[in-house]
Amino acid sequence: MGRPDLSRRQLLAAAGGLTVAASFGFAALGTGADALASGADTRVRYWNLFSGGDGANMIAMLDAFRKANPDIDVKDSTFQWGNPFYTKLAMAAAGNRAPDLGVMHMGRVTGFSPGRLLDAWDVDLLAEYGVREQDYNPALWKRGVIDGKLYALPLDIHVQLCFYRKDVLGKAGLLGDDGRMIPVTSTDEWFEVLKKAKAAQKKGLQTIGLWTNDQNFQWWFFVAFYTQLGGKWFDDGNTEVLFDPDKATQVLEFLRKHVTDGYVVPGAPTGEQFINGAPFTWEGNWSVPVFSGAKLDYGATPLPPVFGEPATHAESHAFVLPHQADRGGATNEGAHELAAYVVRHALQWAAGGHIPAYTPTLATEAYKKLTPQNEYVSAMDHQATEPKVWFAGSTGVLAQDLGPVVVSSTMGSAKPAAVAQTMKKHLTKLLASKNPMDGRTAAQGGAVA
């Protein structure tokens, strides 16, 4: 089947709408014609979506690269997280005005028309700069491979975690001899833990922050526990829906029980309550700097394996090469060198809570001393990810469609069993739908590792 040409209108509709894209001003993408930094021979334009603590850590890493490589001038630009960033990146790649290096969430790569809007990495060149496939978790590396080519170079994985207050759990007898939360291996054990924690906590606080009315978090939690049950989404060819409503119902009932048993206050500020003394909160690892900055005595583990098999929701920030008609030469080599440098020097990045994708970093004494990072590093080997289809990924169509449905079950406006059937109907419709980026269904999308 032929692949239709992309128009700017298709790109804008696919990435979030004409009004969103128009608000950026296409001319603002820049030409790279401004002067190079003093002494530099090569410029690398780099776009990312890192702000806040992430942004500060990335800037520190870029400054270290500049100091080590004065012949390469890095011109970095930070844009708004989410669909606005992807809109801008798609427009730039389609209009041959793309930066030399970019960052994407791994789950969005399949839907970004690899080979058309993204160029493949030169793995031999990456190896010259010290980054090889064997330096990665195999499953994570394969997520970036499409049609046999590497399109996404993982920088990290970021995961959903179970944060816990050691002071409260200590009073409740829920800490082991190592000072960490006792293991939990079933739903019954988990609710017994919550019961004991509630008896020991401050009055007026919820027992666990669960983001009950947030579609993204509820979807991420669902993905984790559905994966623990061994649930599948589609067959290998992405032609048949294998979603199991019975397994889904178990997960939805589990999430709902936190509300019906009184352990959650729907709508309560999760992080703030945790800082104020709530025993638990389920948050992304990016909350580590916040809780550490508050001087809490806390720990963090992957989401509890209540359904048997360990699995916690994981996404990944990954470096990509936005399509350039004339990609090559010193600038392209500079982009490879910059990405490889940041990947190999990601200890700074780990300070923000993310797990570095470059596994040699995990074996260093410096990383092993990071707390609570050293407690949840095992999540690297138990990643629960969305299916590898064009409509998946962070803030993608799949989360937008199914997240609110999960919320309706958790909040009690719909029954779990009925919601599970609704989810399967949504998945059936999505599987048959076409990617606005290239007009192909998931079965035609080349998402084969």
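Two strands are said to pair if DSSP finds at least two bridges between them. With that in hand, open the model, which is a predicted one, and start at strand S8.

Select residues 156-165, which make up S8. The strand is mostly covered, with 10 of its 10 residues buried. In a regular strand the side chains alternate between the two faces of the sheet. Colour one side of S8 first: Asp-156, His-158, Gln-160, Cys-162 and Tyr-164. Then colour the other side: Ile-157, Val-159, Leu-161, Phe-163 and Arg-165. Both faces are covered, and the residues on each are all buried.

Next, add the pairing strands, beginning at the Asp-156 end.

Select residues 355-356, strand S14, which runs antiparallel to S8 and is joined to it by two bridges. Look across from Asp-156 to find Pro-356 of S14.

Select residues 312-315, strand S12. S12 and S8 also pair in the antiparallel sense, over two bridges. Here His-158 of S8 stands opposite Glu-315.

Now select residues 280-284, strand S10. Five bridges link S10 with S8, and the sense is antiparallel. Then add residues 298-302, strand S11, which is antiparallel to S8 and joined to it by five bridges.

Finish by centring the view on Leu-161. Which residue is the bridge partner of Leu-161 in S10? It is Glu-283. In S11, the bridge partner of Leu-161 is Pro-302. Leu-161 itself is buried, on the side of S8 that also holds Val-159 and Phe-163.

Methods:
Residues are numbered from 1 along each chain as its sequence is written. This is a predicted model: local features need pLDDT of at least 70, side-chain atom pairs count only at pLDDT 80 or more; totals for chains, interfaces and linings use all residues. Side-chain values use heavy atoms; hydrogens and water are left out. Buried means under 20% relative accessible area, exposed over 50%, partly exposed in between (1.4 Å probe, protein chains only). Helices (H or I, at least four residues) and strands (E, at least two) are DSSP runs, numbered from the N terminus.
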